Structure formats: C-alpha cells, structure tokens
Amino acid sequence: MFRKIKYFFFMASFLFLGTGFCKDVWKAYVTCDLGGGIHAGVIPIDIDTQLPETPIPLNLNAAYGSVVVSADGLMAYVACFSAVVPIDLLSGEAFSPIVIPSMGNGIAITPDGNWVYVTCYNSGKLIQINT
C-alpha cells in the first residue's frame, strides 16, 4: 500500500529549520526565523494550495529547531534553545515556553499525545514532558 506524496516548493525570505506534518488537515508546519525582532516562529503551509498561512510567533528570542504535531492535529511543540514551546493550532497561539535543562534538538510525541520527548544536543539527555 503506497500513499501518494505531493511535493511542493515554497520560496520566502525566511530561514527554515524544522518541519512537522498533520496527517488529516493536510498542513505542514515549518519553523523559521520571522525576522523583525520576533525571531523564532512557525509557518503553517496548506499542502493543497501550496500557500503559507499566518505565521505563529513563538515570542521567544532564541534558536529554534524541530517541530512535532499531535496525532489529532490540535497541538504542535517546537524544540528551541533551552525550551519547548507548545502551540494551539486551532487558535494559532503559542503558549509560554517549557524550560528544559539543555539545548533542545529533536522532538517526538507519543501517539496518544500524552508525552513529548526532546533530545538535547549538547548534553545527550532525553527529556520527557507531560502534555
């Protein structure tokens, strides 16, 4: 059983770093530097139209990394420098950062959405966060 994959290209003056996909809504979530003093952010991209939607600022002046989307498509989590930022995808609002003891790099979420795991680049730690 193969699933058709739709490729798209998106050009902008942003620096992209991490990408997460929501399987039922057909959106990609791309971490980027929004510039203009906002810095880290996430841009939702409609895969069908191949168009970006309103950027979600993370309100965090820090490096950003990977993004993961919950299976139900309601929440996303972005691994940033010393923090994980939860995002409500329905409202497009970033919540207060969850501080982690080391630089967040990779991020994953359990299928039930109860736990987020973050790998830490410079310490080799695995951080578990109860969502």
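**Note on a predicted all-strand chain**

1. Lysine 27 counts as buried, because its relative accessibility is 18%. The cut-off for buried is under 20%. This is a predicted model, and the value is computed from its atoms. Lysine 27 sits in strand E2, which covers residues 27-33.

2. What does the side chain of lysine 27 make a polar contact with? The partner is the side chain of glutamate 53, at 2.8 Å. The pair also qualifies as a salt bridge, with 2.8 Å from N to O. Searching the whole structure gives 1 salt bridge. Glutamate 53 is in the loop between strand E4 (51-52) and strand E5 (56-57), while lysine 27 is in strand E2, so the bridge ties together parts 26 residues apart in sequence.

3. The two partners fall into separate burial classes. Glutamate 53 has 30% relative accessibility and therefore counts as partly exposed. Lysine 27, at 18%, is buried. When checking this bridge, keep both values in view: 30% for glutamate 53 and 18% for lysine 27.

4. Now the overall layout. The chain has 13 strands and 0 helices. Read from the N terminus, the elements run β-β-β-β-β-β-β-β-β-β-β-β-β. The chain holds 131 residues, and 41% of them are buried. About 7,700 Å² is exposed by the chain, with carbon and sulfur atoms supplying 59% of that area. Take the contacts between residues at least 6 apart in sequence: 27% of them join residues at least 24 apart.

5. Which residues have the most contacts inside the largest nonpolar core? They are Leu58, Val78 and Ile87, in a core of 16 residues. Four strands each supply at least two residues of this core: E3 (40-46), E6, E7 and E8 (83-88). Apart from this core lies another, with 13 residues. Val68, Met75, Tyr77 and Ala79 are among its members.

6. Leucine 58 deserves its own entry. Setting aside residues up to four places away in sequence, leucine 58 touches Ala40, Gly41, Val42, Val78, Cys80, Val85, Ile87 and Ala94. Two names on that list, Val78 and Ile87, appear with Leu58 as the residues with the most contacts inside the 16-residue core.

7. Serine 70 is a loop residue, placed between strand E6 (64-69) and strand E7 (75-80). Is serine 70 buried or exposed? Serine 70 counts as buried, because its relative accessibility is 7%. The side chain of serine 70 makes a polar contact with the side chain of aspartate 72, at 2.6 Å. Beyond its neighbours within four places in sequence, serine 70 is in contact with Met75 and Ile109. Met75 is also one of the residues in the 13-residue core.

8. Leucine 126 gives a contrasting case for a nonpolar side chain. Leucine 126 lies in strand E13, residues 126-130. With a relative accessible area of 57%, leucine 126 is exposed; the cut-off for exposed is over 50%. Leaving out neighbours within four places in sequence, leucine 126 is in contact with Tyr117, Val118 and Thr119. How far apart in space are leucine 126 and glycine 106, C-alpha to C-alpha? The separation is 9.5 Å, and the two residues are 20 apart in sequence.

Key: Residues numbered from 1 in each chain as written. Predicted model: local features only at pLDDT ≥ 70, side-chain atom pairs only at ≥ 80, totals over all residues. Heavy atoms only, no water. Buried < 20%, exposed > 50% of the residue type's maximum accessible area, 1.4 Å probe, protein only. Polar contact = N/O pair within 3.5 Å; in protein donor to acceptor, adjacent residues only side chain to side chain. Contact = heavy atoms within 4.5 Å. Areas by Shrake-Rupley, 256 points an atom, 1.4 Å probe, with all protein chains shown as cover. Salt bridge = Lys/Arg side-chain N within 4 Å of Asp/Glu carboxyl O. Core = buried A, V, L, I, M, F, W, Y, C linked by side-chain atoms within 4.5 Å.
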